[in-house]
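Reader: I have a structure open in front of me and would like to learn how to read it with some care. Could you take me through a few of its features, one at a time?

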Amino acid sequence: MTLMDLELIIMVMEYYGNNIEMKKFVKFGLTVMLMVLGLVILLFTCPKYPFMKIVELGDNFALLQQDDTDIVYDRNGDKECFSSSESVQVVPFEVVAYNFNDRWIIAKSDSKSGDNPQYWIIDKQYNFSRLGYREELQRQTTGPLDSISFYKTIKTYGIDLQLKYLSNK
């Protein structure tokens, strides 16, 4: 919307004075224009999701923080918010802590119902790009685990990572 558009709207409103129907029409038109402008801004900021924080975890994995915090894998490595049709949620629920290195991702998540936290271990050392990658991804993901099983497993595999808790989004 340009300054000229606003001047035209003001002129129309002055011309019609107290015509209530015309004022409603102009108000509706302004509302629609603002909504379209807002939608355009939303679509082109992230470019897909403007309020999403993305932490790339390597090998096409990412931690996405929007309404929930999830760990996802995108077979194509879609860097536009990891939201292609090839994206798969790896750690469900709300991720509250995570860490990663070249080979591993570890995570702790809380369920919506407030049950006990769940722990996850993802082995990134695999070629997930072939067909059937969703099934292979499930095989490479250990979890959900309770805390005792989680710490035993990371010790068994020699994973030298400590969970880092997320601060407020």
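Reader: Let me begin with strand pairing: which residue of β3 is the bridge partner of Phe61?

Author: In this model, which is a predicted one, the bridge partner of Phe61 in β3 is Tyr73. That pair belongs to a longer ladder, since strand β2, residues 61–65, is joined to β3 by five bridges, and the two strands run antiparallel.

Reader: Which residue of β4 is the bridge partner of Tyr73?

Author: Tyr73 has Val88 as its bridge partner in β4. Strand β4, residues 87–91, is joined to β3 by four bridges, and here too the strands run antiparallel.

Reader: How many residues of β3 are buried, and which of them point one way from the strand?

Author: A residue is called buried when its relative accessible area is under 20%. In strand β3, which spans residues 69–74, six of the six residues are buried, and the strand is mostly covered. Thr69, Ile71 and Tyr73 point one way, while Asp70, Val72 and Asp74 point the other way, and the residues on both sides are buried.

Reader: Let me turn to a helix. Which residues of α4 are buried, and which are exposed?

Author: The general idea comes first: an α-helix has 3.6 residues a turn, so residues three or four places apart point the same way. In α4, which covers residues 147–156, the buried residues are Phe150, Thr153 and Ile154. These three lie on the same side of α4 because they cover an arc of only 95° around its axis. On the other side of the helix, Ile148, Lys152, Lys155 and Thr156 are exposed.

Reader: Which strands do the buried residues of α4 pack against?

Author: They pack against β6 (104–110), β7 (118–123) and β8 (141–145). Thr153 can serve as an example: this residue lies in α4, and it counts as buried because its relative accessibility is 17%, which is under the 20% cut-off. If its neighbours within four places in sequence are left aside, Thr153 is in contact with Ile121 and Leu145.

Reader: What is found at the start of α4, and what just after it?

Author: At the start of the helix, a side-chain oxygen of Asp146 comes to within 3.2 Å of the backbone nitrogen of Ile148. Just after α4, Gly158 takes a positive phi of about 70°.

Reader: Where does Ile159 lie, and is this residue buried or exposed?

Author: Ile159 lies in the loop between α4 and β9 (164–165), and with a relative accessible area of 7% it is buried. Its contacts, apart from neighbours within four places in sequence, are with Trp104, Ile106, Ile121 and Ile154. It also helps to set sequence beside space: Ile159 and Ile105 are 54 residues apart in sequence, and their C-alpha atoms are 9.4 Å apart.

Reader: Turning to the whole chain, how many helices and strands does it have, and what part of its residues is buried?

Author: The protein chain has four helices and nine strands, and along the sequence they follow the pattern α-α-β-β-β-β-β-β-β-α-β-α-β. Of its 169 residues, 34% count as buried. Among contacts with a separation of 6 or more, 46% are between residues 24 or more positions apart. The chain exposes about 11100 Å², of which carbon and sulfur atoms supply 57%.

Note on methods
Residues are numbered from 1 along each chain as its sequence is written. This is a predicted model: local features need pLDDT of at least 70, side-chain atom pairs count only at pLDDT 80 or more; totals for chains, interfaces and linings use all residues. Side-chain values use heavy atoms; hydrogens and water are left out. Buried means under 20% relative accessible area, exposed over 50%, partly exposed in between (1.4 Å probe, protein chains only). Two strands pair if DSSP finds at least two bridges between them. The arc is that of the directions from the helix axis to the C-beta atoms. Contact means heavy atoms within 4.5 Å. A polar contact is a pair of N or O atoms within 3.5 Å; within protein, one must be able to donate a hydrogen and the other to accept it, and residues adjacent in sequence count only if both atoms are side-chain atoms. Accessible areas come from the Shrake-Rupley method with a 1.4 Å probe; for residues, only the protein chains shown count as cover.
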